[in-house]
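Work through the following exercises with the sequence and the coordinates open beside you. Each task is followed by a solution that proceeds step by step.

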Number of protein chains: 2
Amino acid sequence: MAYDPGGGGAQAPGGEFQSPALEQLVRRLQQLPGLGRKSATRIALHFLNDREGAGDLTEAVAHALANVTQCTRCGAITEADPCAICTSATREATVLCVVASPVDILPFEKAAFFRGRYFVLGGLLSPLDGVRAADLPFERLMSRIDEDGVSEVILALDTSVEGETTALYLQRILGERDLQLSRLATGIPVGGALAYTDEATLQQAFQHRTGF
Amino acid sequence: MAYDPGGGGAQAPGGEFQSPALEQLVRRLQQLPGLGRKSATRIALHFLNDREGAGDLTEAVAHALANVTQCTRCGAITEADPCAICTSATREATVLCVVASPVDILPFEKAAFFRGRYFVLGGLLSPLDGVRAADLPFERLMSRIDEDGVSEVILALDTSVEGETTALYLQRILGERDLQLSRLATGIPVGGALAYTDEATLQQAFQHRTGF
C-alpha cells in the first residue's frame with residue numbers, strides 16, 4: 001500500500017471506500033480546518049501506509065491534550081501556569097502587548113525585540129459572529145493592568161474590521177486610565193512592492209507617513 | 001482558546017510555541033502529506049479547542065488501523081478479506097480492471113457501470129524512483145488471470161510517464177496470452193474546454209478520433 005496517488009489532480013477520489021472504518025476516518029479528518037475530501041483521503045491512506053507514524057501522531061495528540069494549557073495570567077499556550085513570559089524576571093511587567101490569539105505571540109518572540117509581557121484576548125469583537133464585549137476577557141485585562149501597574153499598552157490586532165472594532169473598544173475603556181496606549185503601525189510591509197499594495201494599505205501608509 | 005486565527009495570511013506563524021508538547025504535535029502533523037507549518041499549527045490549535053473531536057479522531061485512526069486491510073486477491077482496501085467485489089457473484093470474474101492504487105477503484109464504483117473485478121498494482125513502474133518490475137505484483141496478476149480464466153483485461157492507469165511505462169510492460173507480458181487487452185481512452189474530458197486542452201491531450205484525442 002506504498003503508492004501515494006499524489007496531489008496532481010484537483011478532484012477528490014469520486015466515491016466511497018468499501019471499508020466503513022476508513023470512510024469514518026476520512027470524514028473525521030475532513031472536519032479539521034483546511035482539509036477537504038482529497039487531503040483527508042491522502043492522509044488516511046498515509047496512516048495505513050505508515051502505521052508507526054500514525055501511532056506516534058495519536059500519541060502526540062494525547063500528550064499535547066494532557067500537557068498543554070493556557071496561562072491563566074496572559075492566555076498564552078504553555079505547559080507551566082503561569083507561563084515562562086509572565087514569570088520571567090527580565091520581562092517588564094508594566095508593558096503589555098494585547099493580542100487576539102496565542103499564535104500572535106509567536107512572531108514577537110521570534111523577533112525577540114519586545115521585552116514586555118502579553119495579554120491574549122482569545123478573540124475579536126464581531127457583531128456579525130455574535131462576539132460581544134461580554135464574551136472577551138476585558139475585565140481580566142483591567143485587573144491585570146491594575147495589579148501589575150501597567151503603564152504602557154500596545155494593541156497588536158489584525159487590521160480587519162473585527163480588529164479595528166476591538167481596538168476602538170479598547171481605546172474607549174482604556175482611554176481614561178493613566179497609561180500610554182498605542183497600536184502597531186499600518187503601512188507598506190518591509191520588502192513589499194508598492195505597485196501591488198492594496199488601496200487601503202496605501203492610504204494608511206500615506207496618512208501616517210513619517211518625517212526624516 | 002476558541003479563536004481561530006484563520007487561513008488569511010500566506011505565512012506560517014513565525015516562531016515556536018512555549019509548549020514542547022504542542023511543538024511536537026505540530027511537527028508530527030507537518031509530516032502528513034500536504035500539510036505545511038501553517039496548516040499543522042491550525043490543526044494542532046483546533047485539537048486544543050475541540051478536545052472531544054481530537055479524541056474521536058484518534059479513535060477513528062486506531063479503529064481504521066485495526067480493521068482496515070487490503071484484499072489479498074485484488075489489493076482493494078477492505079475490512080473483509082477477500083473483499084466484497086472479489087466475492088460478489090454478480091461481478092464477472094473473467095473481466096479484470098488493472099489500477100495503480102486502491103483509490104483508483106472509487107470512481108469506477110461510483111459510476112457503477114463496470115461489472116468486472118479489479119487488480120491493484122500498488123504502484124507504477126518508475127526507473128527514476130527505483131520501482132522495478134520485481135517490486136510490483138505482476139506474478140500475482142498472472143496467477144489471478146489463470147485461476148479465474150480472465151478473458152479481458154482493461155488497463156486503467158494514470159496517463160503519466162510511469163503509467164505509460166507500466167502499460168507498455170503489461171502489454172508485453174500479457175500480449176502473448178489469449179485475452180482481450182485494452183486501456184482507457186485518452187482524449188478531451190467531457191465538458192472540457194477545447195481552448196484550454198494541453199497539446200499532448202489534443203494530439204491523443206486527434207489521433208484516436210472516432211467515426212460517426
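**Exercise 1. Establish how chain A is divided, and how far the model can be trusted along it.**

Solution. Begin with the domain assignment, which splits chain A into domain 1, covering 8-67, and domain 2, covering 77-183. The C-alpha centres of these two domains of chain A are 36 Å apart. Next, bear in mind that this is a predicted model, and turn to its confidence: chain A has a mean pLDDT of 88, with 93% of its residues at 70 or more. Among the elements of chain A, the mean pLDDT is lowest, at 83, in helix H8 (residues 199-207) and highest, at 96, in strand S4 (residues 117-120). Finally, locate the weak stretch: over residues 6-11 of chain A the pLDDT stays under 50, and the model has 8 contacts beyond four places in sequence for these residues. For the model, both ipTM and pTM are 0.75.

**Exercise 2. Describe the interface of chain A and chain B, going from its extent to its polar pairs and then to the elements that supply it.**

Solution. First take the extent: 58 residues from chain A and 58 residues from chain B take part in the contact, and the area buried between the chains is about 5300 Å², with carbon and sulfur atoms giving 73% of it. Then look for charged pairs, of which the rule finds 2 salt bridges across the interface; one of the salt bridges joins the side chains of Arg28(A) and Asp56(B), at 3.7 Å from N to O. Polar contact, with both residues at pLDDT 80 or more, is found for 10 residue pairs across the interface. As for the elements, helices H1, H2, H3, H4 and H5 and strand S2 of chain A each supply at least two residues to the side that touches chain B, and H3(A) gives the most, with 11 residues. By residue class, this side of chain A consists of 34 nonpolar, 16 polar and 8 charged residues.

**Exercise 3. Find the backbone features that call for inspection in each chain.**

Solution. Start with the peptide bonds: the one from Asp81(A) to Pro82(A) is cis, with omega near 0°, and Pro82(A) is placed in the loop between S2 and H4 of chain A. In chain B, the bond from Asp81(B) to Pro82(B) is cis, with omega near 0°, and Pro82(B) lies in the loop between strand S2 and helix H4 of that chain. Then examine phi: Ala112(A), a residue other than glycine, has a positive value near 60° and sits in the loop between H5 and S4 of chain A. For Ala112(B), phi is positive at about 60°, although this residue is not a glycine, and its place is in the loop between helix H5 and strand S4 of chain B.

Technical notes. Residues are numbered from 1 along each chain as its sequence is written. Chains are lettered from A and ligands numbered from 1 in the order in which they are written. Side-chain values use heavy atoms; hydrogens and water are left out. pLDDT is the predictor's confidence in each residue, from 0 to 100. Helices (H or I, at least four residues) and strands (E, at least two) are DSSP runs, numbered from the N terminus. Contact means heavy atoms within 4.5 Å. Buried area is the accessible area (1.4 Å probe) that two parts lose on being put together, summed over both. A salt bridge is a side-chain nitrogen of Lys or Arg within 4 Å of a carboxyl oxygen of Asp or Glu. A polar contact is a pair of N or O atoms within 3.5 Å; within protein, one must be able to donate a hydrogen and the other to accept it, and residues adjacent in sequence count only if both atoms are side-chain atoms. Ala, Val, Leu, Ile, Met, Phe, Trp, Tyr, Cys and Pro count as nonpolar, Asp, Glu, Lys and Arg as charged, and the others, Gly among them, as polar. Domain bounds come from an automatic or database domain assignment.
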